[in-house]
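Visitor: I would like a close look at a single part of this protein. Please take me through it step by step, and then set it in the wider fold.

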Amino acid sequence: MTAPQVSLPIGISFYTFQTLSYVIDVYRGQVAVQRSYRDFLLYVSLFPQLIAGPIVRYSEIEPQLSQRKINYASIFYGLLRFCIGLAKKVLLANYAGKVATQLLGGTLSATTTLGGWLGILMYTFQIYFDFSGYSDMAIGLGRVFGFRYSENFDLPYMSRSITEFWRRWHISLGSFFRDYVYIPLGGNRRHHVLNLLVVWTLTGLWHGASWNFALWGLYFFVLLYIEKSIPHVLEKIPTVLRCLGTFFLVVLGWVLFYCTNLTQLGQTFGLLFGQVGIGFTDTQMNITLLNNLPLLLVCILGSTPIPRFIGMIFSGLCAENPKFKPKKRIVYTLVVYGFDLVLLGLSIVSLIGSSFNPFLYFRF
């Protein structure tokens, strides 16, 4: 007897969690019951973040369901944010994913160790720019329609610890499990290790009912437990080494996330550590590395505060600053609109010219 194949709606976990937040908060007495079915339906089905997040809690958006302010400033910011998110998805994530698929999607025994590392690095940047790009697009579209969604990513690859990484990565999911699972179970007050294990088991299974996701959740549970056990040791390590070490551990975690079966997982780790493959590198791999080095460098820079810092300098720290002179504001607006149009044009050209446009969240 074969197991039935059930097709679930795309993004079911996102709006399921949103509805749960409403039910739980009403039960706790933290929000009032929504009497308008129209407003509740708007909350559940609002399209900008419906299938790829961020997870929007009812308590965060309740006042905005019936009272929203839409003005030129919010539309301007929303369009800018949307174009940036689209570019992150189409111009960075898609191309990084294409390289990762070429290097890791074939026969690993015919791949070099350097190819394996380049592949998993590209996947590391693919999943970041893909997910954060979707979040940017959702936040931007929401702003156009008068909704203000919370940030979902805050430069996670700059983290100095795994704990900090999960405060910066998929913030809406982490806060959901913290407030609705970890703290109700006792938090740090009692059975904190068991509570942490429950949270990370559920976090892994939230991403998919597969062994690799369960192992991925347990992997981060172990790392977080170790960090909480030796905080005094970690504080003595230089910041740069902590950042590099955290990034390395996160990359290894994405190996667990990428490999959908245990055989592939074992082969991939074997490739990365020289036990599988045709050696460290070869001529073809060196050419591949050189061809993709510009993309890799752009992804690295895009994961740092540098773009944000440049944007702040250019805008005079804040475009809404009352000291922002009218002439300067006009120049800023024109340049930003031009920048938006360039990003939008390049993204459209890329989408038309490429058939590689994966959607990573169909399993969630």
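**A close look at helices H2 and H3**

Guide: Begin with how the chain is held together. Of the contacts between residues at least 6 apart in sequence, 74% join residues at least 24 apart. Keep in mind that this is a predicted model. The protein has 15 helices and zero strands.

Now to the part itself. Helix H2 covers residues 37-45, and its buried residues include Asp39, Tyr43 and Val44. Why do they share a side of H2? They cover an arc of only 135° around the axis, which puts them on the same side of the helix. The general rule helps here. An α-helix has 3.6 residues a turn, so residues three or four places apart point the same way. Turn H2 over and the picture changes. Tyr37 and Arg38 are exposed on the other side.

What does the buried side of H2 pack against? Its partners are helix H1 (12-28) and helix H3 (58-66).

Take H3 next. Tyr58, Ile61, Gln64 and Leu65 are buried in this helix. Seen down the axis of H3, these buried residues fall within an arc of 130°, so they line one face. The face turned away from that buried side carries Pro63 and Ser66, both exposed. Look for the cover over the buried residues of H3. It includes H1 and H2. The packing between H2 and H3 can thus be read from either helix: H3 is a partner for the buried residues of H2, and H2 helps cover those of H3.

Move on past the end of H3. Arg68 is found in the loop between H3 and helix H4 (72-104). Is Arg68 buried, partly exposed or exposed? With a relative accessible area of 36%, Arg68 is partly exposed; the buried class stops under 20%, and exposed starts over 50%. Leave out residues up to four places away in sequence, and Arg68 touches Leu42, Phe145, Gly146 and Phe147. One of these, Leu42, falls within the span of H2, residues 37-45. Arg68 also lies 9.4 Å from Arg148, C-alpha to C-alpha, with their places 80 residues apart in sequence.

Some sites elsewhere are worth a visit. Go to His170, in the loop between helix H6 (162-168) and helix H7 (171-185). Its phi is near 45°, a positive value in a residue other than glycine. Most residues other than glycine have a negative phi. His170 has 2% relative accessibility and counts as buried. Then find His191, in the loop between H7 and H8. His191 is not a glycine either, and its phi is positive, about 50°. At 57% relative accessibility, His191 counts as exposed.

Step into helix H8 (residues 192-207), and you reach Thr203. Thr203 is buried, with a relative accessible area of 3%. Leaving aside neighbours within four places in sequence, Thr203 is in contact with Leu173, Phe177 and Trp216.

Finally, pull back to the whole protein. A compact globule of 364 residues would have a radius of gyration near 21 Å; the protein has 22 Å, which agrees. Its C-alpha trace spans about 60 × 55 × 55 Å along the principal axes. Buried residues make up 45% of the 364. The exposed area is about 19400 Å², with carbon and sulfur atoms supplying 67% of it. As for charge, there are 28 positive and 15 negative, and their mean positions are 5 Å apart.

Notes: Residues numbered from 1 in each chain as written. Predicted model: local features only at pLDDT ≥ 70, side-chain atom pairs only at ≥ 80, totals over all residues. Heavy atoms only, no water. Helix = DSSP H or I, 4+ residues; strand = E, 2+ residues; numbered from the N terminus. Rg over C-alpha atoms; globule rule 2.2 N^0.38 Å. Buried < 20%, exposed > 50% of the residue type's maximum accessible area, 1.4 Å probe, protein only. Contact = heavy atoms within 4.5 Å. Areas by Shrake-Rupley, 256 points an atom, 1.4 Å probe, with all protein chains shown as cover. Lys, Arg positive; Asp, Glu negative; His and termini not counted. Charge placed at Lys NZ, Arg CZ, Asp CG, Glu CD. Arc of directions from axis to C-beta.
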